[in-house]
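Trainee: Before we start, I would like to go through the terms used for this model one at a time. For each, please give the value, set it against the criterion and conclude.

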Amino acid sequence: MEARQILALAAKELRDRLRNRWVLAVALVFVVFSLVIAYAGGAQQGAVGLRSIEFTIASLVSLVIYLVPLIALLLGFDAIVGERERGSLDLLLALPITRGELLLGKYLGLAAALALAMLAGLAAVGGVLWQQFGRAGLFHYAGFVGSALLLGLAFLSLAVALSVVARDRTRASGLAIMLWFFFVLVFDLLLLGALVASGGSYGGEAFPYLLLLNPADVFRILNVFSLDDMRSLYGLTSIVPPALANPWLMAVAMLAWIVAPLGLASWRFKP
Amino acid sequence: MRADFVAGAAAAAPPADPAADTPAIRLRGVHKHYGALHAVDGIDLDIRRGEVFGLIGHNGAGKSTLFKMMLGLVAPTAGQIHIAGAPVSGRGFRAVRRGIGYLPENVVLWDNLSGLETLRFFARLKDVPAAECPAALDRVGLAHAANRPVREYSKGMRQRLGFAQALLGAPQVLFLDEPTTGLDPQAIRAFYDTLATLRGQGVTMVLSSHILAELQARVDRLAVLSAGRVQALGSVQQLRELHELPLAVALRLAPTDLPAAEATLATLRQALPAGLPGVAGLAPQRTADGLQLHCPRAAKMALLQALAPLGPRLLDVLITEPSLEDLFFANAGHTRPPQEPR
């Protein structure tokens, strides 16, 4: 692997997203949604406004779980298949670069664009929290932002992997939406359904560990178990074993969700 | 490969430079199978250094697959491909590819980059100094549009920009797939002028084109591909001679002299050996200003001698060599489409 080539590819991807105002548009979406949800997140409990950093994070967890995977999948689904369909992939692959360098360069460039957009949005809420509560608790918020970035990178990795295996952009976009539905909406329902159907007699102990098979759940555990208030808010203390409460372990699980799809993509992306 | 249609191998003079002994491109037993489909079905080919080599074939003949395999984009099912003595894939691929330039059939670049930014991007990936980019743009006549976004480029300008990126880094082997697609006549001439300059610098070029008339005068040798195999290989002239394609002859005569000329040709037909290939083509057809016929190459002098007695009644004689198109249709296993009457 040659860093120069990877950086050249990454820089082009990032510049593309900056020039076509993708980063700006997504950053605005994040700013608006995160500010609104941070302010109105407690409405169900009959109050609006910033109550605490913990409650703000609790409100933003749902936003991130719905929005970040979708944005990451839409950003990366055509990374390779798009170039192939347009006809520029052959030109790139005839250059003195490896397929791995092309894949990694594209991924890093897209990751930088996603991170920029997310940080711009989430930093706006961070600024408001700082004004309201001072520095105390910003450490937790920084952890939340970091885990949100990891979640985005994991779904971006999935998107790049499907952009390698998909035959065309249409199929790739369909697969991206299916992945979003599966991980964000269906996966937990399936687990809960299985648990309820079996009356908890089969696999009850394995159930919490199955959550590791979904990066969105890893993100949820990472944030819920990092804060006491949130554990009680979600009422999950009893079902998730203490082993999964280790943030570093969850961070490693999230890193695995970044590396594994990229590894699969690299394996499939052969001449 | 049919041995009787392979020309030129024996005619090649021994090279003085030992390095020149290694072909620029060597293919040995190259196959590419997609299930039951044999896209490329056993190709052995040497393309010499500094040679301009044409690759022609109808759609589905295996041309594109062969191009992609030579570039290392598609792995052969069997066989080996070497560029300048090194395998096109494997550990040394980077050095090999730095010496290669590629212009694909449909040049697709990135609309939001300017022409100069596009070249700088390719230069970084090729490890070529960015300072070369303005000169490369100038070489293809795009210096004036260097800072315009590619989305504002015409198809011909994009093609020229694609050619500029292929020239970055002074490649020793150029692969040009349908290179004149979308170019206007002036740009086509400029393109082939550049190719002539590169040829003078010893650059090896592999060209494919459906516009056979363009290739005819510009390639040193060519291969006619059909059904994944090389059906014919050699220079245009060698293939003409080997294939014994008849010459096209047009005789300009006054209408009153047509019967005399037809009688002369009938006598010639009877005088020639009955087994001579193509002798039936000597039966003339009347045209608006005389006669046209197809004469076996071996009977050309006999034809001229037979026509001599017509003297001044023969207003003009036009003898045309078979074109590359004729050779293509003769070798690619397809019948030539019917010609419009003149």
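Mentor: Start with strand β3 of chain B, residues 52-57, in what is a predicted model. Six of its six residues are buried, so β3(B) is largely enclosed by the rest of the structure.

Trainee: What makes a residue of β3(B) count as buried?

Mentor: The criterion is 20 or more other C-beta atoms within 10 Å of its own. Val52(B), Gly54(B) and Ile56(B) point one way from the strand, Phe53(B), Leu55(B) and Gly57(B) point the other way, and all are buried. In a regular strand the side chains alternate between the two faces of the sheet.

Trainee: How do you know that β3(B) pairs with β8(B)?

Mentor: Pairing requires at least two bridges between the strands. Four bridges join β3(B) to β8(B), residues 204-208, and the two run parallel. Therefore the pair meets the criterion. Within β8(B), Leu207(B) is the bridge partner of Gly54(B).

Trainee: Which sense does the pairing of β3(B) with β9(B) take?

Mentor: Parallel, over five bridges, with β9(B) spanning residues 221-226. In β9(B), Gly54(B) has Leu222(B) as its bridge partner.

Trainee: Why are β6(B) and β10(B) called edge strands?

Mentor: The open sheet has six strands in the order β6-β7-β8-β3-β9-β10 of chain B, with mixed pairing. β6 and β10 (229-234) of chain B each have a single partner strand, so one side of each is left without a neighbour in the sheet. On average, neighbouring strands here are turned by 15° against each other, direction ignored.

Trainee: What joins β6(B) to its partner, and what packs there?

Mentor: Four bridges join β6(B) to β7(B), residues 173-177, in a parallel run. The bridge partner of Leu103(B) in β7(B) is Leu176(B). Helix α5 (residues 155-167) of chain B packs on the sheet and touches β6 and β7 of chain B. The direction of this helix makes about 170° with that of β6(B). Since angles run from 0 to 180 degrees between N-to-C directions, a value of about 170° says that the helix and β6(B) point in nearly opposite directions.

Trainee: Where are the edges of the four-stranded sheet?

Mentor: That open sheet has the order β12-β13-β11-β14 in chain B, with antiparallel pairing. Its edge strands are β12 (285-287) and β14 (314-320) of chain B, each of which pairs on one side only. The average turn between neighbouring strands is 25°, direction ignored. Three bridges join β12(B) to β13(B), residues 290-295, and Thr287(B) stands opposite Gly290(B) in β13(B).

Trainee: Now chain A. What makes it as compact as a globular protein of its length?

Mentor: Chain A has 12 helices and zero strands. Its radius of gyration is 20 Å, close to the 18 Å that the globule rule gives for 271 residues, so it is as compact as a globular protein of that length. Its C-alpha atoms fill a box of roughly 60 × 50 × 30 Å along the principal axes. Buried residues make up 43% of the chain.

Trainee: Why is helix α10 of chain A called largely enclosed?

Mentor: The helix covers residues 215-224, and 10 of its 10 residues are buried, so it is largely enclosed by the rest of the structure. Among the buried residues are Asp217(A), Arg220(A) and Asn223(A), as well as Phe219(A) and Leu222(A).

Trainee: Which residues have the most contacts inside the largest nonpolar core?

Mentor: They are Leu114(A), Leu151(A), Leu156(A), Ala159(A) and Val160(A), in a core of 160 residues. Helix α7 (residues 138-165) of chain A gives the largest share, 16 residues. A second, separate core of 11 residues includes Leu251(B), Leu282(B), Leu293(B) and Ala299(B).

Trainee: How do you know that the two chains touch?

Mentor: Contact requires C-beta atoms within 7 Å. By that criterion, 22 residues of chain B are in contact with 18 residues of chain A. On the chain B side, α3(B) gives the largest share, four residues. By class, that side has 12 nonpolar, three polar and seven charged residues.

Note on methods. Residues are numbered from 1 along each chain as its sequence is written. Chains are lettered from A and ligands numbered from 1 in the order in which they are written. This is a predicted model: local features need pLDDT of at least 70, side-chain atom pairs count only at pLDDT 80 or more; totals for chains, interfaces and linings use all residues. A nonpolar core is a set of buried Ala, Val, Leu, Ile, Met, Phe, Trp, Tyr and Cys residues joined through C-beta atoms within 7 Å. A residue is buried if 20 or more other C-beta atoms lie within 10 Å of its own, exposed if 12 or fewer, and partly exposed in between; C-beta atoms are placed from the backbone. The radius of gyration is taken over C-alpha atoms; the globule rule is 2.2 Å times the number of residues to the power 0.38. Ala, Val, Leu, Ile, Met, Phe, Trp, Tyr, Cys and Pro count as nonpolar, Asp, Glu, Lys and Arg as charged, and the others, Gly among them, as polar.
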